[in-house]
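Colleague: I would be grateful for a close look at a single part of this model. Please take one strand and describe how it is tied to the rest of the chain.

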Amino acid sequence: MIKLLKCAGAAGILAFTGHAAALDISEPFLCAVAQANECLDGSSCEKVLPEMVGAPTFIWVDVKKNRIRTNQNSDGAKIANKIELDGLHILQGIEDGDPNVPDGAGWTISIEDNTGRFAAAVAIEQATLSLFGACTELP
């Protein structure tokens, strides 16, 4: 699919030790996708495996560099907007994908500050993809 779907969504592995620590987004962090839902215009939404819709297993996020990527060797997508609201870190962007194909998309990922859990949405032509998971700081 497009680079955005590979960048949109995901969430990392949390080590639960009774309670989750707050996520420090000032340093790069990792997210892992746990669940995906695909919705098509004129149809219902369906729970799918992330790999069935081209969603990544892991996403690396670097807020300082304004980048979100699906592997450590890619340039990834630009984070165009960053908002902190009521204990949430909300990151947004757009992706053109292939310049020769009408595959543009907009994405939003909302990360809970106190748990690292996230919900993400990718909107493409006549379809949406919702992703859920958790993020953690890199060692």
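Modeller: What follows is an account of strand 1 and its surroundings. The model is a predicted one, and the description below should be read accordingly.

Strand 1 spans residues 29-40 and is among the elements that give two or more residues to the largest nonpolar core. The others are strand 3 (58-62), strand 8 (105-112), strand 9 (117-124) and strand 10 (127-137). This core has 26 residues, and those that touch the most other members are Phe29, Val61, Leu91, Trp107, Ile111, Phe118 and Leu131. Beyond its neighbours within four places in sequence, Phe29 is in contact with Leu23, with Ile59, Trp60, Val61 and Val63, with Ile111, and with Cys135, Thr136, Glu137 and Leu138.

Cysteine 135 also takes part in a covalent link to the strand. Of the two disulfides found in the whole structure, one joins cysteine 31 to cysteine 135, with an S to S distance of 2.1 Å. Because cysteine 31 belongs to strand 1 and cysteine 135 to strand 10, this pair ties together parts that are 104 residues apart in sequence. Both ends are shielded: cysteine 31 is buried at a relative accessible area of 0%, and cysteine 135 is buried at 1%. The link is right-handed, with 100 degrees about the S-S bond.

A second disulfide is formed by cysteine 39 and cysteine 45, whose sulfur atoms are 1.9 Å apart. Cysteine 39 counts as buried, at 15% relative accessibility. This link, too, is right-handed, with 115 degrees about the S-S bond. With the bonded cysteines numbered in sequence order, the pairing reads 1-4, 2-3.

The pairing of strands adds a further connection. Strand 1 and strand 2 (residues 45-48) are antiparallel and share four bridges; in one of these, alanine 36 has valine 48 of strand 2 as its bridge partner. The two strands form a hairpin with four residues between them, and glycine 42 in the turn has a positive phi of about 80 degrees.

Finally, the loop between helix 1 (3-8) and strand 1 holds glutamate 27, which is paired with lysine 64 in the loop between strand 3 and strand 4 (67-69), 37 residues apart. This is the one salt bridge in the structure, and the closest N and O atoms of lysine 64 and glutamate 27 are 3.1 Å apart. Here lysine 64 is exposed, with a relative accessible area of 58%, whereas glutamate 27 is partly exposed at 42%.

Methods
Residues numbered from 1 in each chain as written. Predicted model: local features only at pLDDT ≥ 70, side-chain atom pairs only at ≥ 80, totals over all residues. Heavy atoms only, no water. Core = buried A, V, L, I, M, F, W, Y, C linked by side-chain atoms within 4.5 Å. Buried < 20%, exposed > 50% of the residue type's maximum accessible area, 1.4 Å probe, protein only. Contact = heavy atoms within 4.5 Å. Pairing = 2+ DSSP bridges. Salt bridge = Lys/Arg side-chain N within 4 Å of Asp/Glu carboxyl O. Disulfide = S-S within 2.5 Å.
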